[in-house]
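Visitor: Could you take me through one part of this model up close? I'd like to hear about the aromatic rings, and then how they sit in the rest of the chain.

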Amino acid sequence: MNNLNLPPLKLPNLKAKPFSMDEYLAFVNFNLKYTVDIKEARRQKKAAFVNVPFSLK
């Protein structure tokens with residue numbers, strides 16, 4: 001592969017701020033409420049199960 005002469009990235013200092021337990025709980029509850037359909041996730045998980053016996057030889 002050829003050496004690419006790309007300019008260096010200049011990003012701000014992105015140090016993660018630790019969450020308090022209350023902030024973390026609010027974050028998890030928000031994600032569960034708006035991003036995960038629990039019934040659909042369980043249905044997809046059940047559909048992905050293997051129901052045919054197999055053996056290694």
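**A close look at the aromatic pairs**

Guide: Happy to. Keep in mind that this is a predicted model. Before zooming in, here's the setting: the protein chain has 2 helices and 0 strands. Buried residues make up 0% of its 57 residues, so none of them falls under the 20% relative accessible area that counts as buried.

Now the rings. The structure holds 2 aromatic pairs. One of them joins Phe19 and Phe27: the ring centres are 6.0 Å apart and the planes meet at 40°, so this pair is tilted. Phe27 is partly exposed, at a relative accessible area of 41%. The other pair is Phe30 with Tyr34, where the centres lie 5.0 Å apart and the planes stand at 50°, so the pair is tilted too. Why tilted? Planes under 30 degrees apart would count as stacked and those over 60 as edge-to-face, so anything in the rest of the range gets that label.

Phe30 and Tyr34 also share an element: both are in helix 1, which covers residues 21-34. They are 4 residues apart there, about one turn of the helix. Their exposure falls into separate classes, though. Phe30 has a relative accessible area of 49% and is partly exposed, whereas Tyr34 reaches 55% and counts as exposed. The line between those classes is drawn at 50%, so Phe30 and Tyr34 end up on opposite sides of it.

From the rings, let's step over to the charged side chains. By the distance rule, the count comes to 2 salt bridges. In one, Lys17 meets Glu23, with 3.5 Å from N to O. Lys17 is exposed at 58% relative accessible area, while Glu23, at 36%, is partly exposed.

The other salt bridge links Arg43 and Glu40, whose closest N and O atoms are 2.6 Å apart. Here the partners both belong to helix 2, residues 38-47, and sit 3 residues apart, about one turn of the helix. Both are partly exposed: Arg43 has a relative accessible area of 48% and Glu40 has 28%. Across the protein chain there are 10 positive and 4 negative side chains, and the centres of those two sets lie 9 Å apart.

Finally, zoom all the way out. A compact globule of 57 residues would have a radius of gyration near 10 Å, but this protein chain comes in at 23 Å. Its C-alpha trace spans about 55 × 45 × 20 Å along the principal axes. The accessible surface is about 6700 Å², and carbon and sulfur atoms account for 62% of that. So when you go back to the rings, picture Phe27 and Phe30 as partly exposed and Tyr34 as exposed, in a chain where 0% of the residues are buried.

Conventions. Residues numbered from 1 in each chain as written. Predicted model: local features only at pLDDT ≥ 70, side-chain atom pairs only at ≥ 80, totals over all residues. Heavy atoms only, no water. Rg over C-alpha atoms; globule rule 2.2 N^0.38 Å. Buried < 20%, exposed > 50% of the residue type's maximum accessible area, 1.4 Å probe, protein only. Areas by Shrake-Rupley, 256 points an atom, 1.4 Å probe, with all protein chains shown as cover. Lys, Arg positive; Asp, Glu negative; His and termini not counted. Charge placed at Lys NZ, Arg CZ, Asp CG, Glu CD. Phe/Tyr/Trp six-rings, centres within 6.5 Å; stacked < 30°, edge-to-face > 60°. Salt bridge = Lys/Arg side-chain N within 4 Å of Asp/Glu carboxyl O.
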